[in-house]
Structures are given as C-alpha cells and as structure tokens.
Amino acid sequence: MERERFFGSLGWTITLLGAFMVGCRRGPEPPPRPQIDPTQAAAEAIRLYDKNGTGLLEPDEWKQSPPLAAAKDRIDQNKDGNLSSQEIADRITSWLQSPAIMTTCAIVVTLDGKPLEGATITLEPETFLGSSYKTGSGTTDLMGMASITGQGEKFSGLYLGLYRVKVSKQLGGRETIPARYNTQTELGCELATDIGGIGYIQFDLKSR
C-alpha cells in the first residue's frame, strides 16, 4: 500500500498567499469565506460514513474517507481512535478561524521510486464540505511536482479543508496509473495552516 511521505519534519506546511490574509487593509481584495456550517458539515460526515449507527466514525469507517484518514490525528482530540461529530466540527472551525482561509499547495508524486512526470493531480473536496469548496488540479513536471490551483480565475488557491487526491496519466487513451490512485483513490490530504513542514506533500505510488 502506498504511503504519504513528509520531508523535513513529521508534517508539512502549505505556502500561503499573502494576498489572502484576512484583515489586511492593503493589496488585493481577500476571497470570500466558504459558506459552511461546521456543525452541519460534521453531521453530514457522520451520516455518510457511520455505517453501524453509533454516532461515531470508528477506524473501519473513517478509513473509507482518505481525507479523514489523512487528518485523523489532528481531528481525534481525545485520542480514542474514533472521530466524533464535535471533533470534526472543531477541526472545520479551526480552518475558518485561520488568518488565511485559502492556500496554494504543491504535490510531489513518485511511481516506483521515480518522479512521475506528466501526470494530472486532482484535489477533490470531501462532499460534506459543501458547494463552496471547488476542485483543484495541476500537472507534474520533470521532478514529479505539481502546483495545485483551481478555486477560480480571481482566486487561484483552494480553501483550507479535506481533499481526495487523484493521480492520472493516460497514454494512447489508456490509464497507466492503478485505479487505487484515481477512480478508487486511497489518497487524501488536509490543507491547513497549523501543520509544520516544508511546503509540499509527497505521495509514493507503486505500479503493483
């Protein structure tokens, strides 16, 4: 199974766009805040993934959401291994209270230990975050790095949040990347400003 690899520290940090700093009185107009109610969004997450009706997302349930799995340690405040509606709502609230509500990010992808060039990287927001959250994408370069943009022409970053990561590279109309990384992706990430690190997320993929 692939693993999400972080360099320089146990976490990573995303590059903030200075123009997006809320409260700044000079420079470009800041983007609008996402229209999201943390309590309602968290309740929807429970509805989607709580298959046994306990009101909690247990490990076999939150693992069905790659983004929740990627952010589990930051969401699970009491460290009991489960995710409650309140814990999810609190994490969403932390994004809304961040000085920067939008960010750019870079994704680095290797396949069988080598940089994956010419792949399309797509970040799809978790559906329970609502319609304010948009999909972002980018194409990897010679080093396997893609800069992800896509909130819109005016604001090219993405809202802080939870995203499914899909990696696709087609040759002659045929997909060359295993389905577990695209149509049935197991990859996810959280975009947030309180994660330490050096500015990009790396995914090491295996062809088999």
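## The sheet

In this predicted model, four strands form an open sheet in the order β8-β7-β11-β14, and the pairing is antiparallel. The edges are held by β8 (136-139) and β14; each has a single partner strand, so one side of each lacks a neighbour in the sheet. From one strand to the next, the twist averages 25°.

Strands of a sheet pair through backbone hydrogen bonds, either parallel or antiparallel. Strand β7 (residues 120-125) and β8 run antiparallel and are joined by four bridges. One residue to look at here is T122, whose bridge partner in β8 is S137.

## Residue N182

Where is N182 found? N182 sits in the loop between β13 (174-175) and β14 (187-191). Its relative accessible area is 7%, and N182 counts as buried because the cut-off for that is under 20%.

The side chain of N182 comes to 3.2 Å from the backbone oxygen of I177. Leaving out residues up to four places away in sequence, N182 touches K166, V167, E175 and I177.

## Residue Y159

Y159 belongs to strand β10 (residues 158-159). Is Y159 buried or exposed? With a relative accessibility of 4%, Y159 is buried.

A polar atom of the Y159 side chain lies 2.5 Å from the backbone oxygen of P32. Y159 can also be placed relative to K134: the two are 25 residues apart in sequence, and their C-alpha atoms are 8.1 Å apart in space.

How values were computed:
Residues are numbered from 1 along each chain as its sequence is written. This is a predicted model: local features need pLDDT of at least 70, side-chain atom pairs count only at pLDDT 80 or more; totals for chains, interfaces and linings use all residues. Side-chain values use heavy atoms; hydrogens and water are left out. Helices (H or I, at least four residues) and strands (E, at least two) are DSSP runs, numbered from the N terminus. Buried means under 20% relative accessible area, exposed over 50%, partly exposed in between (1.4 Å probe, protein chains only). A polar contact is a pair of N or O atoms within 3.5 Å; within protein, one must be able to donate a hydrogen and the other to accept it, and residues adjacent in sequence count only if both atoms are side-chain atoms. Contact means heavy atoms within 4.5 Å. Two strands pair if DSSP finds at least two bridges between them. Axes are lines fitted to C-alpha atoms, for helices over the stretch in contact, and angles run from 0 to 180 degrees between N-to-C directions.
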